[in-house]
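The following note sets out numbered points on the model, for consideration alongside the coordinates. It moves from a loop contact to the strands, the disulfide and the core.

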Amino acid sequence: VQLVESGGGLVQPGGSLRLSCSASGFMFRLLTMKWHREAPGKQRELVAAITNGGKTDYADSVKGRFTISRDNAKNMVYLQMNSLKPEDTAVYYCNFNLGRDYWGRGTQVTVSS
């Protein structure tokens, strides 16, 4: 099982980033996929989730700004982040649960002027 996140970086407030997560080694298309984030000194929190059928759910703090999507043919899940704020600064992790949680190594997103 492998999850590899990419697409993070430094962006100014109000900017956009698109995170990608490449998945392998499991039945990707059958599972709900999630994005979490962990900011310095804070607990890891759920940002967005997408079911195998494409139903999405978001944390209140990102609703209307972030969009999660998936491509089952490519075993990819994405997080489009718009109107970024400094409080979105965190390491973002791709995740799924199959008996236990599986995590990627994360990608750093820094929102700063």
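1. The side chain of Thr89 makes a polar contact with the backbone oxygen of Pro86 at 2.9 Å. A second polar contact, also at 2.9 Å, links the side chain of Thr89 to the backbone nitrogen of Val111. The model under review is a predicted one, and these distances should be read in that light.

2. Thr89 is placed in the loop between β8 (76–81) and β9. Residues up to four places away in sequence aside, Thr89 touches Ala39, Gln108, Val109, Thr110 and Val111. Of the elements concerned, strand β11 spans residues 107–111 and is joined to β9 by three bridges, the two strands running antiparallel. Within that pairing, Tyr92 has Thr107 of β11 as its bridge partner.

3. Which other strands pair with β9? Strand β4 (residues 33–38) does so in the antiparallel sense, over five bridges, and Lys34 has Asn95 of β9 as its bridge partner. Strand β10 (residues 101–103) is likewise antiparallel to β9, through three bridges; here Phe96 is partnered by Tyr102. β9 and β10 form a hairpin with three residues between them, and Gly99 in the turn adopts a positive phi of about 85 degrees.

4. Is β9 largely enclosed or open? Six of its eight residues are buried, so β9 is largely enclosed by the rest of the structure.

5. How many disulfides does the structure hold? There is one, formed by Cys21 and Cys94 with their sulfur atoms 2.2 Å apart. Cys21 belongs to strand β3 (residues 17–24) and Cys94 to strand β9 (residues 90–97), so the bond ties together parts that are 73 residues apart in sequence. The torsion about the S-S bond is about -85 degrees, and the disulfide is therefore left-handed. Cys21 has 0% relative accessibility and so counts as buried; Cys94, also at 0%, counts as buried too.

6. Strand β3 also takes part in an open sheet of four strands, ordered β1-β3-β8-β7 and paired in the antiparallel sense. The edge strands are β1 (2–6) and β7 (66–71), each of which pairs on one side only. From one strand to the next, the twist averages 15 degrees. β1 and β3 run antiparallel and are joined by five bridges, and in this pairing Ser6 has Ser20 of β3 as its bridge partner.

7. The largest nonpolar core contains 31 residues, of which Leu3, Met33, Trp35, Val77, Leu79, Met81 and Tyr92 touch the most other members. Two or more residues are given to this core by each of β3, β4, β5 (45–50), β7, β8, β9 and β11.

8. What does Val77 touch, leaving aside its neighbours within four places in sequence? Its contacts include both disulfide cysteines, Cys21 and Cys94, together with Leu19, Ser20, Phe28, Met33 and Trp35. Ile50, Ile68, Ser69 and Arg70 are also in contact with Val77. Among these partners, Met33 and Trp35 are, like Val77, listed with the core residues that touch the most other members.

Note on methods:
Residues are numbered from 1 along each chain as its sequence is written. This is a predicted model: local features need pLDDT of at least 70, side-chain atom pairs count only at pLDDT 80 or more; totals for chains, interfaces and linings use all residues. Side-chain values use heavy atoms; hydrogens and water are left out. A disulfide is a pair of cysteine sulfur atoms within 2.5 Å. Buried means under 20% relative accessible area, exposed over 50%, partly exposed in between (1.4 Å probe, protein chains only). Two strands pair if DSSP finds at least two bridges between them. A polar contact is a pair of N or O atoms within 3.5 Å; within protein, one must be able to donate a hydrogen and the other to accept it, and residues adjacent in sequence count only if both atoms are side-chain atoms. Contact means heavy atoms within 4.5 Å. Axes are lines fitted to C-alpha atoms, for helices over the stretch in contact, and angles run from 0 to 180 degrees between N-to-C directions. A nonpolar core is a set of buried Ala, Val, Leu, Ile, Met, Phe, Trp, Tyr and Cys residues joined through side-chain atoms within 4.5 Å.
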